[in-house]
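Please open the model in your viewer and keep the selection panel at hand for a short walk through a strand and a ligand site.

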Amino acid sequence: MHVIVVGAGIIGVSTAYYLNAAGCQVTVLERHSGVAQEASFGNAGVIAPGYVTPWAAPGMPKKVLASLFEKDAPIVFRPNLDPRLWLWAIRWLGQCTPERYRVNRERMQRLAFYSRIQLHALREEHELQYEQSEGLLQLFRSERDLELAQPGLEMLKAAGVRHTLFSAAQCREVEPGLSENPLVAGLHLPDDESGNCPLFARLLRDLSAARGVTYSFGARVLGIESAASGVVVATEHLRLPADAVVLATGVDSARLLRPLGMRVPLYPVKGYSATVTIREPTYAPLHALMDEAYKVAITRMGQRIRIAGTAELGRRDLKPREAALATLIKVARDWFPGAADYSRATYWTGARPMLPDGPPLLGTSRVPRVWLNLGHGSTGWAMAAGSGRILADLVTGKVPEIALDGLTIARYA
Ligand SMILES: Cc1cc2nc3c(=O)[nH]c(=O)nc-3n(C[C@H](O)[C@H](O)[C@H](O)COP(=O)(O)OP(=O)(O)OC[C@H]3O[C@@H](n4cnc5c(N)ncnc54)[C@H](O)[C@@H]3O)c2cc1C
């Protein structure tokens, strides 16, 4: 069976790898000149299945409203006249009830925990090294931050996720580079991890290309024609027939699906990261950290530090916002002042492909031979290996190893 995968972000590359492993002939079409050039490029790299939660949560509407008046808010809403934004926002609001939150979180975590198993299997089988580190430390600057985290602790307990509440001194034992910045406590999650997502994507591209996957870069897909006998995928330069196509096209998926009569409520949620080379390893982070007050992640990527955060809804352009970049640097300086020369940081802006309820869309699109692997929002790296494996199972007629209820297009019926 010949399968075309459109999009070579972390989701597309993972899908191509597993389809090839399942015996398919695979062609990947990507408009950029390499893999992981969009959302998958500059993310924080955190893989924390117990913390994979929907953006649509009780209390979030209030936070989003407050963001209209705050300069440094970790969540920013910038209303505009785009009707798609408002349709998205109305659907999102409807998902912010405690019951919908519980349902959506379970769906996302089911996939994220499965994905971690797949990721570890891949890592072991191919001895992959992608600047990974083990453990996540969540930092609470104040008693109030700690108090707000209590429901999260209950959820971790319920999900059976190993975690320990550390005193400030214990935090500094596991992270000796931490400054004397006021710290009330930290939550240590030893089984969580982080890694360099684009590096992993390149490793998987090399592996799958060596096994026969064809990667075609500079190939912008303009349209898809589906018929009972097969599909034709049209780019600017060619028309490529295949037995099936998988869309792993991130934020641009809605545009490709519209001519096929499908409307998916996908909206980009912008975020930023800063990366800086470590100058003094003694003062640098060893693991992944999350500053709860600012919702900023700090991760170690080899000889560099990645600082990422902010969720901005309402602007489709990728223009950076100076205040958001300054917040990233402030947080890194607060915790690891001596680790790097932060004036030399390089910055990145990306857009999370976000669905209003949270879980991605996996599996059939309802259009014959057109499959979906998209809408992974703020946790696509944590869900990539599992999503790729599931798509390969479905396309080749196998039953996936986890239940897919709530992860498919059926929920929008
Ligand atoms: C600031 C920030 C921090 C994040 N931190 C984390 C984190 O710590 N952990 C985590 O799990 N996730 C994180 N994420 C989310 C994660 O990065 C995304 O969920 C993930 O990268 C989505 O992958 P993707 O392959 O679906 O999309 P993309 O990486 O955007 O890939 C889609 C690809 O499709 C291609 N494409 C689209 N249309 C076409 C077309 N017509 N023709 C050809 N090619 C096309 C694009 O060029 C692109 O390469 C973060 C995101 C942001 C913005």
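Buried here means under 20% relative accessible area, exposed means over 50%, and partly exposed lies in between, with a 1.4 Å probe and protein chains only. This is a predicted model, in which local features need pLDDT of at least 70 and side-chain atom pairs count only at pLDDT 80 or more, while totals for chains, interfaces and linings use all residues. Residues are numbered from 1 along each chain as its sequence is written, and side-chain values use heavy atoms, with hydrogens and water left out.

Select strand β1 (residues 2-6) to begin: five of its five residues are buried, so the strand is largely enclosed by the rest of the structure. Strands (E, at least two residues) and helices (H or I, at least four) are DSSP runs numbered from the N terminus. From β1, H2, I4 and V6 point one way and V3 and V5 the other, and all are buried.

Add β2 next, which runs parallel to β1 and is joined to it by five bridges (strands pair if DSSP finds at least two bridges between them); here I4 stands opposite T27. Then show strand β12 (residues 244-247), also parallel to β1 and joined by four bridges, where V5 stands opposite V246.

Now move to the ligand and look for its polar contacts, pairs of N or O atoms within 3.5 Å. A ligand oxygen is 2.9 Å from an N or O atom in the side chain of R31, a ligand nitrogen is 2.8 Å from a polar backbone atom of V221, and a ligand oxygen is 2.7 Å from a polar backbone atom of G377.

Conventions
A polar contact is a pair of N or O atoms within 3.5 Å; within protein, one must be able to donate a hydrogen and the other to accept it, and residues adjacent in sequence count only if both atoms are side-chain atoms.
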